[in-house]
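Colleague: Please take a close look at chain A, and then place it in the rest of the model. I would like to know how far each part can be trusted before I use any of it.

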Amino acid sequence: MILLAMIFLPMVSGFVCYGVGRRSKPWRSRLAAMTAFAELALAVFAALGKNLTACVPAVCGFGLHLELDGFRKVYILIICFMWLMTLILSDEYFAHYHKRGRYYFFNLMTLGATLGVFLASDLFTALIFFEIMSFTSYTWVIQEQTDGAIRAANTYLAVAVIGGLAALMGLFLLQSTLGTTKISELYALAQACESKKTLYVAGGCILAGFGAKAGMFPLHIWLPKAHPVAPAPASALLSGVLTKSGIWGILAISCNLFRYDSRWGTVILILGTVTMVLGAVLALFSVDLKRTLACSSMSQIGFILVGIGMMGLLGEENALAARGALLHMVNHSLFKLVLFMCAGVVYMNLHQLDLNDIRGFGRKKPLLHLAFLLGAMGIGGIPLLNGYVSKTLLHESIVEGIGLGYSLKAVEWLFLISGGLTLAYMTKLYVCLFVEKHPTRQAEFDAKKDYMNLPSSLALLASAILLPALGLTANRSMNAIADLGTDFFHAGALEHAVRYLSLENLKGAAISIVIGAAVYFLVVRKLLVKNGNYVNRWPKWLDLEDLLYRPLLLKWLPAVFGTAAALFGENKLTKKLWQGSVKAFSSLGSLFGENKLTAPISKALLRIAGILSRAVCDLVDALVLLLRKTVYREGPPQTEDKYASSLSYRFGRHADNIAVRHGKENPAEHRYARLFYRLRKTFIDTTHRLTGNLSFALLALCAAACIVFAYILLIHR
Amino acid sequence: MIKTIMLCLILLPWAAGFLLPVLKLKNRRGKCALISAVLLLEAAGAVVMLLQKSAELTLFSMTKTLTVALRMDGVSKLFMAIAAFGFLLSGIYAFRYLGHSEREDSFFGFFLLSLGALMGMDLSSNLITMYLFFELITLLSMPLVLHDRTEESIRAALKYLFYSIAGAFLALLGIFFLARYTTTLDFVSGGSLNMGAVAGHEKLLLVVIFLAVVGFGAKAGMYPLHGWLPAAHPVAPAPASAVLSGIIAKAGVLAILRLVYFSVGADFVKGTWVQMAWLGLALLTVFMGSMMAYREKVFKKRLAYSSVSQISYVLVGLFFLTPEAAMGGLLHIAFHACIKICLFLVAGSFIVNCGKHRVDELAGYGKAMPKTLWSFTLASLALIGIPPASGFVSKWYLASGALNSGLSVYSWLAPVVLLVSALLTAGYLLPITIQGFFPGKNVTIPEKNNEGGILMWLPIIVLSAAAVLLGILSGCFTDAFSALANSMFG
């Protein structure tokens, strides 16, 4: 009951808010926040209670099945908390926006749907809510209705629709091979199932569907586009919660359908590693505050996926990986809440996100400073904050994997490097916002004391304070959270308690910090200074604003390849080779970033399919036309004279003469001769058409008869 | 009493349809009241019939064996209910759509006549009766396409007429053969083949049945005789297109269903090349229709191609010859009728109220016509198959029926084609919504209008709400559909 209330209360409240909003705008945001608060209260109440199940029979044929267990308790608490905080910020953020009614309506709808996804106990129910969520959150991305927003939203929608259909295909296959989509039953049935291949295909489809929402490579393309254009409170939820719903789906199959399956684990691990590194690199090169955070989300999702992959590889000793993945999910939701809220505060004051425009905004704003610093340090994995704990666990799990004989050294180093890159881009943002000074507007920035109102400040503070709170009490709070997730993750027992602050674990963090510092000073500083744009030559930035990211990527890569080429010596062959690979790499880069390469391919495919369809479609019509032009040709067009000299003309003349004799001289166009002529023309035309067409019908009959008779004579003696 | 109602379902609209052009009522209100009264009575009659178990009535005998008789069973109930409610809502919409068009009387006359013929076909109890009404539907609904009397509409109407007749000829050939090889021409679930007579002639019979289904498929827009649909719909008035695509084209589906399941029997064709060929044609139609719709810019033509594709979803379900897939097909009959009527009425609304025929002219109409565009959006989502709307449920059963059918290639090809087509469906419907609600900065926002008054927007809203709610509440009637599908296998 309480589960149903949690899902449908916000959906109902969405309609109420929309209605209220037409009368009173302040009450609308108050009502929305109150809804989120009620949800949080319900979530706390449910979390303190026992595990529950609920069922709404007969909806969509099979009914909705819901369940509440430890992991779901944690996540509904986080979702409701995040929704409450963002809704509190929304009131101020949207103060000067149009179309707020739409935002609140769809926001609350999405809340209900998202809870539905997390509470679902079978994949069928999950998919229903997942699709609702995709479509309602579409309006977040398009909220501002600029050209960029529309383009990004369309990408989002396309990925959502394609992903949804892929997941649906997976569900079809699962239902037909295993006969159920109930998550808890999948493992036992999959063990008994003989057609493993079908299961992998089904799993791949579901992975594509949910992975698209999670921002997993190569389906991440919507993520860096959608976040910068969405309003900041929505970005926080998109990044903190909606991507996690994708992770939820991946977990649901990884922990059940493919539990302890090392092949599946390897696939997830590879995809996760690519996502992790790619996201971090993209974030490093971004000069847009929210885009950086979006790419960072992608990278952190990669970290979580690495954990999920390790769970598969480690088999039954997967406790470390499971705990790491769960805690990193939780932590990442909380980081991104704080960071996107900070970005929102910046945006609602400046209406700009470019790092060069917002430079120095955070100076002399202690609250914003504190919140951002905590978020940045948390996500960077600095010890004593929560991010360190989860990253340590993930790192430990990779080390454990190496101990078991997997060759994961490369993954470990990529993991540490990505951790370093995380620190580097967060430092970049931090330095930009809080250390550097804006060349022209710094005084104006410093004077801005009322940059956010009291409720927003409290929301930001409450979100930020959670990070060190969890980090400092890691042994109690975070272990408790991890314990709650054991059931859902099907994690084994922990062999020994992890001492988070042991020297061994601190070493991993230290390596990351060193890498981060090196990257920041050597790559970010040097590269940007080398281009001479970041610090000194301010006006040039404006010109390059749109094109900044790509040239950086394309200049950076040739630089690396150039030095590599220099090592091999400068001969013509290697030069050509490197040029080719640089080109390939840059086109690959554009594939990741802007999708320039895939667009023409898909367009061409579509065109070919279109032409083929047209050909197939018009085949019969063409045949009919051909016949009518050849065998069933209509006679040569009748000339006027022929009509005129015909019988009808003579009759018409007589009739006209009679009329004249009776003293009724009709006007020229009403004479009987003309009338008869028109009638006759219509008659002839109609018969022509009829015979032409009827011949086709008869032809079809003849063809059918011929086939049958030929069949009787030739084959069927 | 039941027999009277059954007969009245056919005769009442016929009587009204004949009288309308003859009486030439001057009072438009009175005329509309008369028409709506007839349509309401039909709907009420259909509801009464739905509650009955079954009924039979022999009208007259042509020869000793050839009788014209009516009988109601589960399949009739489904088609009857759809026809009655679809015509009711389209009819109400038409009052405003046709405004004071000069040929209003003839339109409503033929509208009602078609309804009567359709009821007759739904209720017919043997192949002969069904064929009779099938031809009548063609002849009586052709004038609906002809309504505008333009060169183009005459062409389209003739195309419709002759594609249908060509198809019916093919089917008639099949009926001749079946008369020879079945024990009775009456519909018997599970088929009535006389196995003794068939023995040794199986291959011949298969060819004939194949051709007969292709023939009836003309009406259902199945490849290769689908060409009339995209020609006829753009020129017909919107309410006529709505019933043509939503209901009258389903007459072809009914004919195929009756022929395959109630005359030949599913077991006879199961696993033969005929089934494979049918599935191939139907899947080809599904893909081709969506693809053509995707590339089409004229709103109603796009919807016509979409119908071509969607009705073949139903046929795919029926051709798998398993209860589960057939159930998906039956569900899709009802859902598609609801959705497609809604979409055509929306297209009509844009034509009458804004004079817009093409989809790329609809940017920014979200503000001007919110009710219409919202309904369009919901119906679109239902057609794509986004849960929890109705299309999702039918596609679920279709796909799982296909996967469980055990036909090697088709069992996975069908779901893939269905999903690719669903993707294309999203591609041709959602941009209309997106541009309507989010036109971008450099589009002039059209002025708000009244969306044609309550007579136009109410049917649209009712239908789109039904498109969503039928999906959400589908658990209430899946059992009935499952029983119906099982009953077709004898």
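Modeller: Of the 717 residues in chain A, 49% count as buried. This is a predicted model, so confidence has to be read along with the geometry. The secondary structure of chain A consists of 29 helices and 2 strands. If one takes the contacts in chain A between residues at least 6 apart in sequence, 80% of them join residues at least 24 apart.

On confidence, the mean pLDDT of chain A is 78, and 84% of its residues reach 70 or more. Among the elements of chain A, the highest mean pLDDT, 89, belongs to helix α5 (residues 123-142), and the lowest, 31, to helix α22 (residues 538-544). The pLDDT stays below 50 over residues 532-572 of chain A, a stretch that nevertheless has 37 contacts in the model beyond near neighbours in sequence. A second stretch of chain A with pLDDT below 50 covers residues 585-595, with 15 contacts counted in that way.

Two loop residues in chain A deserve a look for their backbone. A:K364 is not a glycine, yet its phi is positive, near 60°. A:K364 sits in the loop between α13 (319-350) and α14 (366-380) of chain A. Is A:K364 buried or exposed? Being buried takes 20 or more other C-beta atoms within 10 Å, and being exposed takes 12 or fewer; A:K364 has 15, so it is partly exposed. A:L384 is the other case, a residue that is not a glycine but has a positive phi of about 80°. The loop that holds A:L384 runs between α14 and α15 (386-403) of chain A. A:L384 has 15 C-beta neighbours inside 10 Å and therefore counts as partly exposed.

Next comes the side that meets the partner chain. The contact between the chains draws 48 residues from chain A and 47 residues from chain B. In chain A, the elements that give two or more residues to the side touching chain B are α5, α6 (147-178), α25 (598-617), α26 (619-629) and α29 (672-715). Helix α5, with its mean pLDDT of 89, is thus one of the elements on that side. Sorted by class, the residues on this side of chain A are 33 nonpolar, 10 polar and 5 charged.

Chain B can be described along the lines used for chain A. The secondary structure of chain B comes to 20 helices and 2 strands. Its radius of gyration is 21 Å, close to the 23 Å that the globule rule gives for 490 residues, so chain B is as compact as a globular protein of that length. The C-alpha trace of chain B spans about 70 × 55 × 45 Å along its principal axes. Buried residues account for 63% of the 490 residues in chain B. Of the contacts in chain B with a separation of 6 or more, 81% are between residues 24 or more positions apart.

The strands of chain B are β1 (residues 55-61) and β2 (residues 67-72), which pair in the antiparallel sense over 6 bridges. They form a hairpin, with 5 residues between β1(B) and β2(B). Across this pairing, B:L57 stands opposite B:L70 in β2(B).

In the helical part of chain B, B:V314 lies in helix α13 (residues 299-319). B:V314 has 30 other C-beta atoms within 10 Å and is therefore buried. Leaving out residues up to four places away in sequence, B:V314 touches B:V253, B:G329, B:H332, B:I333 and B:H336. B:L204 is 110 residues from B:V314 along the chain, and their C-alpha atoms are separated by 27 Å.

Two peptide bonds in chain B should be checked before any backbone setup. The bond from B:Y223 to B:P224 is cis, with omega near 5°, and B:P224 is in the loop between α8 (202-220) and α9 (228-235) of chain B. The bond from B:P387 to B:P388 is also cis, with omega near 5°. B:P388 is in the loop between α16 (370-384) and α17 (390-403) of chain B.

Methods
Residues are numbered from 1 along each chain as its sequence is written. Chains are lettered from A and ligands numbered from 1 in the order in which they are written. This is a predicted model: local features need pLDDT of at least 70, side-chain atom pairs count only at pLDDT 80 or more; totals for chains, interfaces and linings use all residues. Two strands pair if DSSP finds at least two bridges between them. Helices (H or I, at least four residues) and strands (E, at least two) are DSSP runs, numbered from the N terminus. pLDDT is the predictor's confidence in each residue, from 0 to 100. Two residues are in contact if their C-beta atoms, placed from the backbone, lie within 7 Å. Ala, Val, Leu, Ile, Met, Phe, Trp, Tyr, Cys and Pro count as nonpolar, Asp, Glu, Lys and Arg as charged, and the others, Gly among them, as polar. The radius of gyration is taken over C-alpha atoms; the globule rule is 2.2 Å times the number of residues to the power 0.38.
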